[in-house]
Amino acid sequence: QVKIVESGGGLVQPGGSLTLSCTASGYPFSDFAMAWYRQAPGKERVEIASIGTIRDLQTYDESVKGRFTASRDNAKNTAYLQMNNLQPGETTVYLCSPRKTNFWGKGTQVTVSA
């Protein structure tokens, strides 16, 4: 049974940093790229970053490029998203999902507020 669990969200002040974790099980973790998304209530899910399986190739949406860094530790079946200089408009739920699957966790809430 596949399980995806995001964690690391919380309350952070504007300009602050958080590192999210995405721990997966039930499928060959290292064989799949991992994508990160955020989804505001009533809005479509938006992919913001990903990390691949070959040389850990990363992609970023323009909105987070230079501030967010995706990484992975295949030995721990965990992907990470380091987020710096967070802004209030980035308050929402963050999710991860292995590419080319329909495996999803419940997400983790990030709140950026003074």
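# Reading the labels on this fold

Visitor: Which residues is Thr92 in contact with, leaving aside its neighbours within four places in sequence?

Guide: Thr92 is in contact with Arg38, Gln39, Ala40, Pro41, Thr108, Gln109 and Val110. Contact here means heavy atoms within 4.5 Å. Before we go on, note that this is a predicted model, where local features need pLDDT of at least 70, side-chain atom pairs count only at pLDDT 80 or more, and totals for chains, interfaces and linings use all residues. Residues are numbered from 1 along each chain as its sequence is written, and side-chain values use heavy atoms, with hydrogens and water left out.

Visitor: Where does Thr92 sit, and why is Thr92 called buried?

Guide: Thr92 belongs to strand β9. Strands (E, at least two residues) and helices (H or I, at least four) are DSSP runs, numbered from the N terminus. As for the label, buried means under 20% relative accessible area, exposed over 50%, and partly exposed in between (1.4 Å probe, protein chains only). Thr92 has a relative accessible area of 6%, so Thr92 is buried.

Visitor: What makes Cys22 and Cys96 a disulfide?

Guide: The term asks for a pair of cysteine sulfur atoms within 2.5 Å. The sulfur atoms of Cys22 and Cys96 are 2.0 Å apart, so the pair qualifies. The structure holds one disulfide. The link of Cys22 and Cys96 is right-handed, with 80° about the S-S bond. Cys22 lies in strand β3 (residues 18-25) and Cys96 in strand β9 (residues 92-98), so the disulfide ties together parts that are 74 residues apart in sequence. Both cysteines, Cys22 and Cys96, are buried.

Visitor: How do you know that β7 and β8 pair?

Guide: Two strands pair if DSSP finds at least two bridges between them. Strand β7 (residues 68-73) and strand β8 (residues 78-83) are joined by six bridges, so they meet that rule. The two strands run antiparallel. One of the bridge partners is Gln82 in β8, which goes with Thr69. Together β7 and β8 form a hairpin with four residues between them, and Asn77 in the turn has a positive phi of about 50°.

Visitor: Which residues make up the covered and uncovered faces of β7?

Guide: Phe68, Ala70 and Arg72 form the covered face, while Thr69, Ser71 and Asp73 form the uncovered one.

Visitor: Why does Asp73 count as partly exposed?

Guide: Asp73 has 24% relative accessibility, so Asp73 falls in the range between the buried and exposed limits. Not counting residues up to four places away in sequence, Asp73 touches Phe29, Thr78 and Tyr80.

Visitor: What makes a group of residues a nonpolar core, and which have the most contacts inside the largest one?

Guide: A nonpolar core is a set of buried Ala, Val, Leu, Ile, Met, Phe, Trp, Tyr and Cys residues joined through side-chain atoms within 4.5 Å. The largest here has 24 residues, and Trp36, Leu81 and Met83 have the most contacts inside it. Strands β3, β4 (34-39), β5 (46-51), β7, β8, β9 and β10 (108-112) each supply at least two residues of this core. The largest share, four residues, comes from β3. In soluble globular proteins, nonpolar side chains tend to be buried together. Met83 touches residues including Leu18, Leu20, Phe68, Tyr94 and Val110.

Visitor: Why is the pair Glu90 and Arg38 called a salt bridge?

Guide: The rule is a side-chain nitrogen of Lys or Arg within 4 Å of a carboxyl oxygen of Asp or Glu. Glu90 and Arg38 meet at 3.0 Å, N to O, so they satisfy this rule. Glu90 lies in the loop between β8 and β9 and Arg38 in strand β4, so the pair ties together parts that are 52 residues apart in sequence. Glu90 counts as buried at 6% relative accessibility, and Arg38 is buried too, at 14%.

Visitor: How many salt bridges does the rule give, and what is the N to O distance for Glu47 and Arg99?

Guide: The count comes to four. For Glu47 and Arg99 the distance is 2.4 Å. That pair links distant parts of the chain, with Glu47 in strand β5 and Arg99 in the loop between β9 and β10, 52 residues apart. Glu47 is partly exposed at 28% relative accessibility, and Arg99 is partly exposed at 30%.

Visitor: What makes Glu62 exposed and Lys65 partly exposed?

Guide: Glu62 has 61% relative accessibility, so Glu62 passes the exposed limit. Lys65, with a relative accessible area of 46%, is partly exposed. The side chains of Glu62 and Lys65 meet in a salt bridge, at 2.8 Å, N to O. Elsewhere, salt bridges that share partners join Arg38, Arg67 and Glu90 into one network.
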